[in-house]
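Visitor: I am new to this structure and would like to learn how to read it. Could you take me through it one feature at a time?

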Amino acid sequence: MALQPIPESRIERELAKMLQIPVAYNTVRNLPYGELGQRRLELLLYVLFQRGLENSWFPGEFDKVMLATAPSGVGRLVLLEYKKQLRGAVLVRPRPGPLHTPEMARELLRFLLFQLAGHGPEFNARDFQLFLAAPGGVNEGAASFAADFSQHMAKEARLPYWVSELIDSHARLEGLSPEGALAQLEELLPLLHLELILPAHIDRRLAETPDLKSIFFGVEMVTSEQVLRQIVSGFSLKALEDGEAQQLVERLEKWPAESRMGLGLINFFGYPREFLQSIASSDKLRSILIKGAEFKTEIDYAVVAFLHEKAVFYSNVLLGDAPEDVGDLARLAVVPYVFSRFVIKYVKDADSKALQELLQSGQRVDFYDNADLEAILADLLDQVEDADAAAPPPANASPRQLKRLEAALRAQKANSTREARAQRFQEDWALLKPVLAAIDKRMLQVLPRHPVIVLDDLSSSEPRAGLAPWIKRFRSRLSGGH
C-alpha cells in the first residue's frame, strides 16, 4: 500500500502560519526542539531533508522527499525516494526527555507491524533506511540498542510482549497474529538499518541553513524572559492598597468611550483613535501585540514552573503521612498527577493558548493532558522496565532524578512482572486518597485565580534608579549603539 503524500500547497500554508519558538539571539545549539510539538517537528525534518536534497547532502541515496500521514493515524512520516522507489522513512518521537529502549522499540515496531499488515508504505527492506528523530536525545541504553537494533531486537526477551501489546492497541492490526508477526519480523529485522536523528544533528544542519532556523525559532531577538527579568529586577513587590486600586479604576474610567479601545490582549486608554489606526495599518501594532503576548506567556510559564515546584514540595512533605507499605510506583505518580491537574485549572482560567500548546506538545516534564492516570502509570511502568541497576546514573542527573531512578529500581525488585506492578499500583493508589486530598488543599492556596496584569508607564514607578540603567541600554540599542 502506497501512502498518499500531503500536497506541497498544504505544507506551504502550514509553514506560512508557523508560530516561532522564542530563543536568545545567539543560540546556536541545544535549541528547544521539545517545545515544537509533533506537527512542527515533522515540518522541520521535512524542510531539512528537502534542503538536503537541494544541497546534495544525500548523493545516490535520495532524490525526493514527501510528507504523509502515518498509517497508525498518529502523526506524520517523512518519506524518502530514490528513482521513484521508497528508500527511507523518518519516524518522529517528540518526547522532551531522553528516549528509553521500550519507547524506541515500540515506535519502530509500530511502523513495521503496519507495513506487515499491508497498511504501511511498500519498500524493499534490503535497500531501506529507517530514521528515528528523538528531539530529547536518548539514554545510554537506548543508544546502545540503536547501534545494532536488528540484533538487539531479535534477541529482546520483551519482543513478544511488545508485539502483542501493539496489535491489541490498534484496530487496523487485528488481521495480524502475534505468532505470525514475530515470524515475519524474524526475517525482516536483519535486513533493516536504523539511524538516529539527535538534537546535535539538527543543530548542525540548522546552523548551515539559518533561513530554515528562522521559520521555527525567533533567533533575532533577546527572549522576553530576559527582558522581563531586567525590568522586574528593579522593582520591589508590595501589596496594592485599596486606595491605590481605586485610583487605578478612576484613571481608567475617566477616559471617554472614544479613547477606550481594546484588542483582547491589550486595552488602550487615552490614545487618540487616529494614532491607533495609523499603527494598525502597518506592522507596528502586530509587533507590539507580539511583545505583549510574549510578556504574558512568560508570566504563564513562570506560574507553571511555580506550580511544579509546589507540587514537588507538598508531595515530598505530605507523602510522609502515607502508610509505610505504599509502594514506590504509586508515590512516583503523585507529582505528575497533582501538577497536571492544577496546571489544567490554571490554563483554563488564564485562557493562555500559547501555554496550552506548550503543555500539549509534551515539552513540560511531568505534565499529562487531562491528568491521565493511565498514561502516567504506563510511562512509569516503562521506566521501571528500563531501569538498569548495573548501569551508572547519568552524569548530569539532578538529585530528584536520582531519587526517582532509585525508586524505579525498588519497584522493579518488588514485583517481577508488569501486570503485578500495575495491580500493586491500583491498590496503593487507593490508600493515597487522604494524602492527595491534603496536597490538593495546599495547592489551592497557591493557585492564581482570574489573574489580571495591568501595564502602566514604567517612568512612573518608584524605583527609577534601578530602572534607569535598563532604559539607557534600551535607548542605546534603538539608536544603534551597543
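Visitor: Let me start with a pair of helices: is the crossing of α6 and α7 right-handed or left-handed?

Guide: Keep in mind that this is a predicted model. To read a crossing, look at how the near helix is turned against the far one. Here α6 and α7 cross in the right-handed sense. Helix α6 covers residues 159-169 and helix α7 residues 178-188, and their axes come within 10 Å of each other, crossing at roughly 120 degrees. Angles from 65 to 115 degrees count as roughly perpendicular and those over 145 as roughly antiparallel, and α6 and α7 are therefore oblique to each other.

Visitor: Which residues make the contact of α6 and α7?

Guide: From α6 come Leu159, Pro160, Val163, Ser164 and Ile167, and from α7 come Pro178, Ala181, Leu182 and Leu185. Sorted by character, the residues of this contact are eight nonpolar, one polar and no charged.

Visitor: At what angle do α16 and α18 pack?

Guide: Helix α16 (residues 373-386) and helix α18 (residues 418-431) pack at about 135 degrees, and their axes are 11 Å apart. This pair is therefore oblique too, by the angle between α16 and α18. The crossing of α16 with α18 is right-handed. On the α16 side the contact is made by Leu373, Leu377, Ala378, Leu381, Asp382, Val384 and Glu385, while α18 brings Arg418, Arg421, Ala422, Phe425, Gln426 and Trp429.

Visitor: How do the residues of the contact of α16 with α18 divide into nonpolar, polar and charged?

Guide: There are eight nonpolar, one polar and four charged residues in the contact of α16 with α18.

Visitor: Let us turn to strands. In what order do the five strands of the open sheet stand?

Guide: To read a sheet, go from one strand to its neighbour and note the direction of each pairing. In this open sheet the order is β2-β3-β4-β5-β6, with mixed pairing. The edges are taken by β2 and β6 (193-197), each of which has a single partner strand, so one side of each is left without a neighbour in the sheet. On average, neighbouring strands of this sheet are turned by 25 degrees against each other, direction ignored.

Visitor: Do β3 and β4 run parallel or antiparallel?

Guide: Strand β3 (residues 76-82) and β4 run antiparallel and are joined by five bridges. Among the paired residues, Leu80 has Gly88 of β4 as its bridge partner. The two strands form a hairpin with two residues between them, and Lys83 in the turn has a positive phi of about 50 degrees.

Visitor: And how many bridges join β4 to β5?

Guide: Five bridges join β4 to strand β5 (residues 129-133), and this pair runs parallel. Gly88 stands opposite Gln129 in β5. Gln129 in turn stands opposite His193 in β6, where β5 and β6 pair in the parallel sense over five bridges. You can follow these residues across the sheet on your screen.

Visitor: Why is strand β4 largely enclosed by the rest of the structure?

Guide: For burial, the thing to look at is how much of each residue remains accessible; under 20% relative accessible area counts as buried. In β4 (residues 85-92), seven of the eight residues are buried, so the strand is largely enclosed by the rest of the structure. Leu86 lies in β4 and, at 13% relative accessibility, counts as buried. Leaving aside residues up to four places away in sequence, Leu86 touches Leu79, Leu80, Glu81, Pro121, Glu122, Phe123, Asp127 and Phe128. Leu86 and Phe128 are 42 residues apart in sequence, with 7.5 Å from C-alpha to C-alpha.

Visitor: Is Ala68 buried or exposed?

Guide: Ala68 is buried, with a relative accessible area of 1%. This residue is in strand β2 (residues 64-69). Beyond residues up to four places away in sequence, Ala68 touches Leu3, Gln4, Pro5, Ile6, Arg76, Leu77 and Leu79.

Visitor: To step back, how many helices and strands are there in the protein?

Guide: The protein has 20 helices and nine strands. Of its 482 residues, 42% count as buried.

Definitions and conventions: Residues numbered from 1 in each chain as written. Predicted model: local features only at pLDDT ≥ 70, side-chain atom pairs only at ≥ 80, totals over all residues. Heavy atoms only, no water. Buried < 20%, exposed > 50% of the residue type's maximum accessible area, 1.4 Å probe, protein only. Helix = DSSP H or I, 4+ residues; strand = E, 2+ residues; numbered from the N terminus. Pairing = 2+ DSSP bridges. Axes fitted to C-alpha atoms, helices over the stretch in contact; angles between N-to-C directions. Parallel < 35°, antiparallel > 145°, perpendicular 65-115°, else oblique. Left-handed = near helix turned anticlockwise from the far one by under 90°. Contact = heavy atoms within 4.5 Å. Nonpolar A, V, L, I, M, F, W, Y, C, P; charged D, E, K, R; others polar.
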